[in-house]
Amino acid sequence: MAGATPQLIKELREMTGAGMLDCKNALNETGGDLDKAVQVLREAGLGKAAKKAGNVAAEGLISVLVNADNTKATILELNSQTDFVAKNENFINITKEITSFAQNNGIEDAAALASSTINGQDFATYLNEKIATIGENLVARKLTTVSGQVVNGYVHATGRVGVVLAATCDEAVKDKAATLLRNIAMHASAMKPTVISYKDLDPAFVESENKAIVAEIIAENDELKRLGKPLKKIPEFVSKSQLTDEAIAAAKTRFEEELRAAGKPEKIWANIIPGQIERYITDNTQLDGRFALLSQAYVMDDKKTVEQAIAEVDASIKITEYIRFELGEGIEKKEEDFAAEVAKQMGK
């Protein structure tokens, strides 16, 4: 029987996701028998799993699974070493299997997943077998299962970003809420909010960003001045968390004084000041628009905020939980020359 022909190597690699050199050796060892070569890879791979586990896994997929009645959603980040493997059908199926297993067994986080038993095996053994088959280190780095009255999620077509949201609402609008949550999850995947509300922002972070944003605008105004263009207003604050009743009252008094100085009759002030107050709040809450989901301009209608879009559907809808995974976030990835790696594996 023939050994490792290029066609057989290609077929075995597609079947298992294993490295080219591993496929070549397994086929030579088994005289070109694909089924036996698969078994050889599994057996040899288990011995190599510990070594492969030291390799950086920064690629992979984000998976989101929402149950039929929109009361539970699971989001998983399963990492591989290369995006090539992440596109492999076996890897995609492993991702789906782990996500489904976690949701069906009430597993809420990565720690619980790591200590679980899947398909009659402890999770570490299960993953080692997959590492042996795929030929790269695999890491189930992050997992969260969210339950609630209404839950929905979204994963980008690339599999690199996923979002899960939970909310409370009147039972009569649950279906509308589920649809809205999916749309907001799509928004969050693109706009990257870090918290649900401005109230969730850390005060120290707000204070630090206040100084940074003011410095940014001052620098930008220097350039605008040089170009002879209108300058931007320099805000006092950057978040609603800083806008006390006293701050807004003081702003209103300033606007009244400006209108008086401009000779505007008091009878028209009531038509002007509300708009000035609204603009003042917008100018002084820039941080919220960057990081707080509810304060962001809604991508499906940027004339309103996410909070306003929710209120238009139904005032009873309140987002209670927000999870966003971005593939490889926080992982330091070693840059490699892929062409050189392929040449090395093929013995060129």
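Student: Let's start with helices α10 and α11: how do their axes cross?
Tutor: In this predicted model, the axes of α10, which covers residues 245–261, and α11, which covers residues 269–283, come within 10 Å and cross at roughly 135°. The two helices are therefore oblique to each other, and α10 passes α11 in a right-handed crossing.

Student: OK, and which residues make that contact?
Tutor: From α10 the contact takes A247, I248, A251, K252, R254, F255, E256, L259 and R260, while α11 brings W269, I272, I273, Q276, I277, Y280 and I281. Sorted by class, the residues of this contact of α10 with α11 are 11 nonpolar, 1 polar and 4 charged.

Student: What about α5 and α7, how are those arranged?
Tutor: The axes of α5 (residues 89–104) and α7 (residues 123–134) come within 11 Å and cross at roughly 165°. An angle over 145 degrees counts as roughly antiparallel, and α5 and α7 are therefore roughly antiparallel to each other. Their crossing is left-handed.

Student: And which residues are in contact there?
Tutor: On the α5 side they are N90, F91, I94, E97 and I98, and on the α7 side F123, Y126, K130 and I134. The contact of α5 with α7 has 6 nonpolar residues, together with 1 polar and 2 charged.

Student: Switching topic: in the largest nonpolar core, which residues touch the most other members?
Tutor: That core has 24 residues, and those touching the most other members are L165, I184, I310, I317 and I319. Two or more residues come from each of β6 (150–155), β7 (161–168), α8 (174–191), α13 (306–313) and β10 (318–326), with α8 giving the largest share of this core, 7 residues.

Student: I'd like to look at I184, so what is it in contact with beyond its neighbours in sequence?
Tutor: Once the neighbours within four places in sequence are left aside, I184 is in contact with L165, L293, Y298, V306, I310 and I319. Apart from the core just described lies another core, of 21 residues, which includes L76, V85, I94 and L143.

Student: Zooming out, how many helices and strands are there in the protein?
Tutor: The secondary structure comes to 14 helices and 10 strands. Of the 348 residues in the protein, 42% are buried.

Student: And what share of the contacts joins residues 24 or more positions apart?
Tutor: Taking the contacts in the protein with a separation of 6 or more, residues 24 or more positions apart account for 69% of them.

Notes: Residues numbered from 1 in each chain as written. Predicted model: local features only at pLDDT ≥ 70, side-chain atom pairs only at ≥ 80, totals over all residues. Heavy atoms only, no water. Axes fitted to C-alpha atoms, helices over the stretch in contact; angles between N-to-C directions. Helix = DSSP H or I, 4+ residues; strand = E, 2+ residues; numbered from the N terminus. Parallel < 35°, antiparallel > 145°, perpendicular 65-115°, else oblique. Left-handed = near helix turned anticlockwise from the far one by under 90°. Contact = heavy atoms within 4.5 Å. Nonpolar A, V, L, I, M, F, W, Y, C, P; charged D, E, K, R; others polar. Core = buried A, V, L, I, M, F, W, Y, C linked by side-chain atoms within 4.5 Å. Buried < 20%, exposed > 50% of the residue type's maximum accessible area, 1.4 Å probe, protein only.
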